[in-house]
Amino acid sequence: MDALPPISQATSRPKWKAWLAALLLGTSFTALSAPHTPAPVFKGVLHARGPHGVQTDIRFAPRRLIAQVHEPHMCVLHAHLVHGDPHTSRYAIETPRGGRFCDELVGGEIVIHPRSRNEVTAEFRSARMDWSGNFRRHASGH
């Protein structure tokens, strides 16, 4: 018959395993129950030099933004923050996902000028095009 380990060794292992499991479960529960704050969405119209514009949504996330350009151009731009201060934020445009309009912005930038907590001016710039517009914060789900 095998000898049993002393009581102090036999009970110490399960205690630390139970403590670790409780810690992980508590951390997971806290993360799952924390309220999810959706990224702010700003809606507006981008204009070039003419009167016609294109509806665009800009969704801000930490150090990133996603711009959804609507019909007739239909494309999505992802950009990452390269410079930010209270007056101007510059985002480098990453490889676009479909649409000639977005393809024309390859190698360009999106410059954001906050006007208030709920309004920004956005400039979409590249060597081939320059569009800008005013955007207003919208509540999620609208």
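Cys-75 and Cys-102 form a disulfide in this predicted model, with their sulfur atoms 1.9 Å apart. A disulfide is a covalent bond between the sulfur atoms of two cysteines. The pair links distant parts of the chain, since Cys-75 lies in strand S4 (residues 75-84) and Cys-102 in helix H2 (residues 100-103), 27 residues apart. The chain itself has 142 residues, with 2 helices and 8 strands.

**The disulfide**

- A search of the whole structure finds 1 disulfide.
- The link of Cys-75 and Cys-102 is right-handed, with 75° about the S-S bond.
- Cys-75 is buried, and Cys-102 is buried too.

**Overall layout**

- Read along the sequence, the helices and strands follow the pattern α-β-β-β-β-β-α-β-β-β.
- Buried residues make up 28% of the chain.
- Among contacts with a separation of 6 or more, 35% are between residues 24 or more positions apart.

**Strand pairing around S1**

- Strand S1 (residues 41-47) pairs with strand S2 (residues 53-61) in the antiparallel sense, over 7 bridges.
- A hairpin of 5 residues joins S1 to S2.
- One of the bridges between these strands has Lys-43 with Asp-57 in S2 as its partner.
- S1 is also joined to strand S8 (residues 130-138) by 5 bridges, and these two strands run antiparallel.
- Phe-42 has Arg-137 in S8 as its bridge partner.
- In a regular strand the side chains alternate between the two faces of the sheet.

**The nonpolar core**

- The largest nonpolar core has 25 residues, and the members that touch the most others are Ile-58, Leu-65, Phe-101, Ile-110, Ile-112 and Phe-124.
- S4 supplies the largest share of this core, with 4 residues.
- In soluble globular proteins, nonpolar side chains tend to be buried together.
- Leaving aside residues up to four places away in sequence, Leu-65 touches Ile-58, Arg-59, Phe-60, Leu-77, His-78, Ala-79, Tyr-91, Ile-110 and Ile-112.
- The contacts of Leu-65 therefore include Ile-58, Ile-110 and Ile-112, which are also listed among the core members that touch the most others.

**His-87**

- His-87 is found in the loop between S4 and strand S5 (89-93).
- Is His-87 buried or exposed? His-87 has a relative accessible area of 61%, so the residue counts as exposed, the cut-off being over 50%.
- His-87 and Ile-112 are 25 residues apart in sequence, but their C-alpha atoms are 8.3 Å apart in space.
- Not counting residues up to four places away in sequence, His-87 touches Ile-112, His-113 and Pro-114.

**The largest pocket**

- The volume of the largest pocket is about 220 Å³.
- Its lining is made up of Phe-42, Phe-60, Ala-61, Pro-62, Ser-89, Tyr-91, Ile-112, Pro-114, Ser-116, Arg-117, Val-120 and Arg-137.
- Two or more lining residues come from each of S2, S5 and strand S6 (109-116).
- Which element gives the most to the lining of the largest pocket? S6 does, with 3 residues.
- Phe-42 and Arg-137, both in the lining, are the bridge partners named above for S1 and S8.
- Ile-112 and Pro-114 are in the lining as well, and His-87 touches both of these residues.

Definitions and conventions: Residues are numbered from 1 along each chain as its sequence is written. This is a predicted model: local features need pLDDT of at least 70, side-chain atom pairs count only at pLDDT 80 or more; totals for chains, interfaces and linings use all residues. Side-chain values use heavy atoms; hydrogens and water are left out. A disulfide is a pair of cysteine sulfur atoms within 2.5 Å. Buried means under 20% relative accessible area, exposed over 50%, partly exposed in between (1.4 Å probe, protein chains only). A nonpolar core is a set of buried Ala, Val, Leu, Ile, Met, Phe, Trp, Tyr and Cys residues joined through side-chain atoms within 4.5 Å. Contact means heavy atoms within 4.5 Å. Two strands pair if DSSP finds at least two bridges between them. On a 1 Å grid over the protein atoms alone, a cavity is a set of points where a 1.4 Å probe fits but cannot get out, and a pocket is an open set with protein on both sides within 12 Å along at least five of seven lines; lining residues have an atom within 4 Å of a point. Grid points are joined across faces, edges and corners, and a volume is the space filled by probe spheres set on the points.
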